[in-house]
Amino acid sequence: MNLNATLFVQFVVFFILVFVTMKFVWPPVMKALDERAERIANGLAAADRGKVELAAAEKRIAAELAATRDESAKRIADAEKRAAAIIEEAKQQASVEAARIVEGAKADAEQQVTRAREELRAQVAALAVAGAEQILKREVNAAAHADLLNRLSTEL
């Protein structure tokens, strides 16, 4: 075989090999490459969606934390106001109770003063009667002179 014939045969074999490769090998390789490229694109898109969702979730979390802090601060302020109101009410009740106790003590003291005055009047009247009896050297009848003794006790 000569060189031209060999080249021609090689050329024909090469074209047959190219044809078989293009017909049977190339489509599955291209299909695999396309599928891989699609999976990579889907993965990148999912990663981008994940980043967006993560940023949105972080914003929601920050908003919820701020709302929770605000609510907590409000509850603390309400509790402090409530405590101040309770303390003020207790002070008012204590003040009213103290005034009531003072009034009771004043009334009790006044009653004791009145009783002491009455006892003192009775003692003075008894002393006056005893003194008059001593002066007159005779006994004064308390029942007979009750009017005189009452006037004497009111004057004292």
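**Salt bridges, aromatic contacts and overall architecture**

In the predicted model, E97 has a relative accessible area of 34% and is therefore partly exposed, its value falling between the 20% and 50% limits that separate buried from exposed residues. The side chain of E97 meets that of R100 in a salt bridge, with a distance of 2.2 Å from N to O. Both E97 and R100 belong to helix α1, in which 3 residues, or about one turn of the helix, separate them. R100 has a relative accessible area of 52% and, because this value is over 50%, counts as exposed. The bridge thus joins a partly exposed glutamate, E97, to an exposed arginine, R100.

The count of salt bridges in the model comes to 2. Side chains of opposite charge can pair when their charged atoms come close. Besides the contact between E97 and R100, a salt bridge is formed by the side chains of R75 and E71, for which the N to O distance is 2.9 Å. R75 and E71 also lie in helix α1, which comprises residues 3-136, and their spacing of 4 residues corresponds to about one turn of the helix. R75 is exposed, with a relative accessible area of 58%. For E71 the relative accessibility is 42%, and this residue is accordingly classed as partly exposed.

Aromatic contacts were examined next. A search of the whole structure identified 2 aromatic pairs. In one of these, the ring centres of F11 and F15 are 4.1 Å apart and the ring planes meet at 85°, so the arrangement is edge-to-face. F11 and F15 are 4 residues apart in helix α1 and are therefore separated by about one helical turn. The rings of F14 and F15 also pair: their centres are 6.0 Å apart, and because their planes lie at 65°, over the 60 degrees required, this contact is likewise edge-to-face. Through these ring pairs, F11, F14 and F15 are linked into a cluster. With respect to solvent accessibility, F11 is partly exposed at a relative accessible area of 46%, F15 is partly exposed at 43%, and F14 is partly exposed at 49%.

Residues 6-26 are listed by UniProt, in an unreviewed entry, as a "transmembrane region". In the model, this span is 100% helix and 0% strand, and the C-alpha atoms at its two ends lie 27 Å apart.

At the level of the whole protein, the secondary structure consists of 2 helices and 0 strands. Of the 156 residues, 1% count as buried. The protein exposes about 13,700 Å², of which carbon and sulfur atoms supply 63%. A122, a residue of helix α1, is partly exposed, with a relative accessible area of 48%. The C-alpha atom of A122 is separated by 9.7 Å from that of N150, a residue 28 positions away along the chain.

Conventions. Residues numbered from 1 in each chain as written. Predicted model: local features only at pLDDT ≥ 70, side-chain atom pairs only at ≥ 80, totals over all residues. Heavy atoms only, no water. Buried < 20%, exposed > 50% of the residue type's maximum accessible area, 1.4 Å probe, protein only. Areas by Shrake-Rupley, 256 points an atom, 1.4 Å probe, with all protein chains shown as cover. UniProt positions renumbered as here; feature names shortened; annotations may be inferred. Salt bridge = Lys/Arg side-chain N within 4 Å of Asp/Glu carboxyl O. Phe/Tyr/Trp six-rings, centres within 6.5 Å; stacked < 30°, edge-to-face > 60°.
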